[in-house]
Amino acid sequence: MEHIRAPNSLELGPGMKDRHPITHHPSPITPPSHHPVTPSPAVAMRGISKRFGSVVANDRVDFEASWGEVHALVGENGAGKSTLMSILAGLYRPDSGEVEIDGAPARLRSPRDAIARGIGMVYQHFMLVEPFTVTENVVLGEQRSGVDLELGRVERELAGLSEKYGLGIDPRARIWQLSVGEQQRVEILRLLYLGARILVFDEPTAVLTPQEARSLLQTLRGMAAQGFSVVFISHKLDEVLEVADRISVLRRGEIVATTRPAETDRRTLARLMVGRELAEVVEQPASEPHEPVAQGDAVLEVRGLYALGEKGLPALRGIDLDVRTGETLGIAGVAGNGQRELAETVTGLRSVTDGSLRIDGKELTNRPAAEIARAGVAHIPEDRLATGLIGGMDLSENAILRGYARPPLCSGPFLASKAVASFTDRLIADHDVKTPGRWAKLRTLSGGNQQKLLLGRELAGEPRLIVAVHPTRGVDVGATEAIHQALRDQRARGAAILLISEDLDELLALSDRIVVLFDGRVMGAMPASGADPEEIGLLMAGIGNRESEVGTRV
Ligand SMILES: Nc1ncnc2c1ncn2[C@@H]1O[C@H](COP(=O)(O)OP(=O)(O)OP(=O)(O)O)[C@@H](O)[C@H]1O
Ligand SMILES: [Mg+2]
């Protein structure tokens, strides 16, 4: 059997080429500042323009990233960040402009071209095959390029890389056994194995728990210290300020500034991104007074709820909780402690193995999702493309996915197309969804704009109960503010809100009460005002005085 032929077509620039034959995964690179000659930037994109129909996604963009730096790319939803980096990763071809990699012109016509030049992109949706091992997944990708591989050797090489870069991945682990954060590290490992020296991360922390996010940021710094060039897209400005060497701001397809953390702050960045002042980003959300709203009867009553998780193991073990009209109940917890299952059982997407669910006093345990939706339950799901939206359908089809059966969107058995059109147009306008029109396919929307459409649709029906899971994930600072306000308005209108978020600031800013889930149980509950983040953190880690809470309805 022919042995692995590690990708060797990576062409690094002069100084780097000699020192780092890519077949033997390079030892730390001398930082650019110690380089004898002025080093070429790792990436230089010049005059890049890209249109999609009438949408100008990138407008004569100049962007540079150096070896040894973390370069953050920020901007509003739809500003063109993913497009720019997809051009670098060989996924899209620019209409005009040039890319140089380490000083030499690069023709990036496919992801393979890009990886051959040492460019690797970590996407939000991982392209891993679940039943396979880490090594098998890496080999799969390689086999497509017609190279014969010897598994054992790849495995050893992966183990070495994992060790060297502190990724903590066992090459023999099966993908389905790994957490989201670990799967992301498998993607990094795969790219390192393929010889990537320029790593692009598109909102990598959006899918991570705060703990995993911290560790990823350290990994990014570590890679930069080893001489890699890292491009980091994020909406979380605190992360950006912490991890980046430089920050470039894209606004409507144009780079409007490149700055350094020491020279800027959240407020300035937010202003650069949107071109106007924003209220919430400058204040401490947690200290904002929460206006009182008269709370009424329980809308959601959950009693002794049990459910199984994805792997057939118990995920909810006897949950009791109520959410009343005009109340936001925030669910805190480290991902994987039952939050997802709680949202899914309440919305009818997952069956209950014991216990009961009532909505407005009506028994709805194990009723179909459609019936629960008709009872007035809105759902902003965790994975919008898996449960909420359909990429191949246009915006108006997506806008009516949940409400099609109701007048005025239908009359008799027929959809009232005019009503559908005006409903969709209103959603687009009210929620500032960036799109050329309602006929556009959903998948052509940027991630944040998909989320805005979904949220608008779910809130349009004046729901009784809103189950909101990470409602601002992937959403820019301005839209985050708008979504927070929309949820506050819903609460003031009398909706009951079950808010699941990993962002403690968001929970504290929006909730009346906080419930901490740990290992499928309620670990503690407290009023949000004056809640101690330290105490919540301990409860999230499973440490705390559970005795007092067990059996207590919250
Ligand atoms: N394949 C496509 N077809 C049509 N339009 C597209 C396509 N990809 C992106 N666009 C449009 O290009 C613009 C820029 O999108 P892009 O995904 O680059 O934004 P982004 O800055 O990554 O936003 P977000 O923060 O929401 O992810 C958007 O208006 C988007 O709708
Ligand atoms: Mg994007």
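The following exercises, each with a worked solution, concern a predicted model of one protein chain.

**Exercise 1.** State how many helices and strands the protein chain has, and what share of its residues is buried.

*Solution.*
Step 1. The secondary structure of the protein chain consists of 18 helices and 22 strands.
Step 2. The chain has 554 residues, and buried residues make up 53% of them.
Step 3. The surface may then be considered: the protein chain exposes about 23,800 Å², and carbon and sulfur atoms supply 50% of that area.
Step 4. Contacts complete the overview. Among contacts between residues at least 6 apart in sequence, 67% join residues at least 24 apart.

**Exercise 2.** Classify the geometry of the aromatic pair formed by F52 and Y92, and determine which parts of the chain the pair ties together.

*Solution.*
Step 1. A pair of aromatic rings is described by the distance of the centres and the angle of the planes.
Step 2. The structure holds two aromatic pairs. In the pair of F52 and Y92, the ring centres are 5.2 Å apart and the planes stand at 70 degrees.
Step 3. Planes over 60 degrees apart count as edge-to-face; the pair of F52 and Y92 is therefore edge-to-face.
Step 4. F52 belongs to strand β1 (residues 43-52), whereas Y92 belongs to the loop between α2 (81-88) and β4 (96-101). The pair therefore ties together parts that are 40 residues apart in sequence.

**Exercise 3.** Are F52, Y92 and V55 buried or partly exposed, and which surface patch do they help to make?

*Solution.*
Step 1. Buried means under 20% relative accessible area, exposed means over 50%, and partly exposed lies in between.
Step 2. F52 has 35% relative accessibility and so counts as partly exposed. Y92, at 32%, is partly exposed.
Step 3. V55 lies in strand β2 (residues 55-65). Its relative accessibility is 31%, so V55 counts as partly exposed.
Step 4. Together with L91, the residues F52, V55 and Y92 make a nonpolar surface patch of about 310 Å².

**Exercise 4.** Describe how α2 is covered, and identify what G90 does just after this helix.

*Solution.*
Step 1. Seven of the eight residues of α2 are buried, so the helix is mostly covered.
Step 2. The buried residues in α2 are K81, T83, L84, M85, S86, I87 and L88.
Step 3. Just after α2, G90 takes a positive phi of about 80 degrees.

**Exercise 5.** Analyse the surroundings of F228, beginning with Y165 and the aromatic pair.

*Solution.*
Step 1. The ring centres of Y165 and F228 are 5.6 Å apart and their planes are at 90 degrees, so this pair is edge-to-face.
Step 2. The pair links distant parts of the chain, 63 residues apart: Y165 is in the loop between α5 (151-164) and α6 (180-193), and F228 is in the loop between α7 (210-225) and β8 (229-233).
Step 3. Y165 has a relative accessible area of 11% and is buried; F228, at 1%, counts as buried.
Step 4. The charged end of R197 sits over the ring of F228, 4.1 Å from its centre.

**Exercise 6.** Determine whether V230 is buried or exposed, and name its contacts beyond its neighbours within four places in sequence.

*Solution.*
Step 1. V230 is found in strand β8.
Step 2. With a relative accessible area of 0%, V230 is buried.
Step 3. Leaving aside neighbours within four places in sequence, V230 is in contact with E69, V70, H71, L199, F201, L220, M223 and A224.
Step 4. V230 and I119 are 111 residues apart in sequence, and their C-alpha atoms are 9.9 Å apart in space.

Methods: Residues numbered from 1 in each chain as written. Chains lettered and ligands numbered in written order. Predicted model: local features only at pLDDT ≥ 70, side-chain atom pairs only at ≥ 80, totals over all residues. Heavy atoms only, no water. Patch = residues over 30% accessible without salt bridge, like charges linked within 9 Å, V, L, I, M, F, W, Y side chains within 5 Å. Areas by Shrake-Rupley, 256 points an atom, 1.4 Å probe, with all protein chains shown as cover. Salt bridge = Lys/Arg side-chain N within 4 Å of Asp/Glu carboxyl O. Helix = DSSP H or I, 4+ residues; strand = E, 2+ residues; numbered from the N terminus. Buried < 20%, exposed > 50% of the residue type's maximum accessible area, 1.4 Å probe, protein only. Contact = heavy atoms within 4.5 Å. Phe/Tyr/Trp six-rings, centres within 6.5 Å; stacked < 30°, edge-to-face > 60°. Lys NZ or Arg CZ within 6 Å of the ring centre and 35° of its normal.
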